[in-house]
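Please open the model in a viewer and keep the sequence panel visible. The tour below proceeds by selection, one stop at a time.

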Amino acid sequence: MMTDPQYPPATARHGRPAPPVTATERRQANAKPARNILAIVGLLLGVAALVVTFVPDVEFVAWPLGGIGLILAITGLVQAKKGAVGDRGVAITATTVTAAALLTTAGMLLYSTFFGGGESGLHLPAVATDKHAVTFQVTSAGGATVRYGSLNDQRTENAPASTDAWQGQASYNNGSYLLTLTADTRNATVSNEIRCAILVDGKKVAENSGTTIALCTANVG
């Protein structure tokens, strides 16, 4: 039966010899911690989210990239603190970058939604000379109360009891907007199938349905 060779004990303080160190213990002491793969991937996703935030028409992708990256970065940081893996500095950087990416994305959305105005504003009702036309549609067999527009500018109307689609119009030139459309039944005792949809330049960007309420949202621009 083979055993680990023992090396001469190191000189200990106070004249007491230290216990012998085995080869296995020496290898474990000299071994480098494993790479923090989760933190590295989280950092890459955070950087990608920051870049995508400023790319028109695909900026919404920053949300899942930053969210997944933040989860991976935090998990990698926890593992690094426990000593299971190394690269603690990378994990801290990844957590910071992904959090910054999410905050930047939220800031861009809030800015475009609440501070867009003039040529870059969402116009309710629609302006014929604008570049982009927005159509809000609601179908409700029993009638519904409709609220439509953006987060900071909405209109309220009543959709008649009809299988024909009620329509509201808006328009914009530039900027990004979170469009919202809510339709809820005016008579809760009656089963009422409600459908909603949002179209931009004739292309459907959101749709939903429900028996008492339907909610449609779309980030455009």
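The stops that follow cover a sheet, its salt bridges and a surface patch. The model is predicted.

**First stop: the sheet**

Select strands β3, β2, β5 and β8, which form an open sheet of 4 strands in that order, with antiparallel pairing. Which strands stand at the edges? They are β3 (153-159) and β8 (213-220); each has a single partner strand, so one side of each is left without a neighbour in the sheet. From one strand to the next, the twist averages 10 degrees.

**Second stop: β2 and β3**

Keep β2 and β3 in view and hide the rest. These strands run antiparallel and are joined by 7 bridges. To examine one pairing, select Ser150, whose bridge partner in β3 is Asp153.

Asp153 also takes part in a side-chain contact: a salt bridge with Arg155, at 2.5 Å from N to O. Is Asp153 buried, partly exposed or exposed? Its relative accessibility is 25%, and because buried means under 20% and exposed means over 50%, Asp153 counts as partly exposed. Arg155, at 29% relative accessibility, is likewise classed as partly exposed.

**Third stop: from β2 to β5**

Select Arg147 and Asp184 and display their side chains, which meet in a salt bridge at 2.9 Å, N to O. This pair links distant parts of the chain, since Arg147 belongs to strand β2 (residues 144-150) and Asp184 to strand β5 (residues 177-185), 37 residues apart. Arg147 counts as partly exposed, with 35% relative accessibility.

**Fourth stop: Lys204 and Glu207**

Move next to Lys204 and Glu207, whose side chains form a salt bridge at 3.4 Å, N to O. How does the exposure of each residue rate? Glu207 counts as exposed at 57% relative accessibility, whereas Lys204 is partly exposed with a relative accessible area of 46%. In total, the model has 4 salt bridges. As a general point, side chains of opposite charge can pair when their charged atoms come close.

**Last stop: a nonpolar patch**

Finally, select Val47, Val51, Val55, Val58, Phe60, Val61 and Trp63 and show them as a surface. Together these residues make a nonpolar surface patch of about 550 Å². Where does Phe60 lie? Phe60 is in the loop between α2 (37-53) and α3 (62-82). With a relative accessible area of 46%, Phe60 is partly exposed.

Notes
Residues numbered from 1 in each chain as written. Predicted model: local features only at pLDDT ≥ 70, side-chain atom pairs only at ≥ 80, totals over all residues. Heavy atoms only, no water. Helix = DSSP H or I, 4+ residues; strand = E, 2+ residues; numbered from the N terminus. Buried < 20%, exposed > 50% of the residue type's maximum accessible area, 1.4 Å probe, protein only. Patch = residues over 30% accessible without salt bridge, like charges linked within 9 Å, V, L, I, M, F, W, Y side chains within 5 Å. Areas by Shrake-Rupley, 256 points an atom, 1.4 Å probe, with all protein chains shown as cover. Pairing = 2+ DSSP bridges. Axes fitted to C-alpha atoms, helices over the stretch in contact; angles between N-to-C directions.
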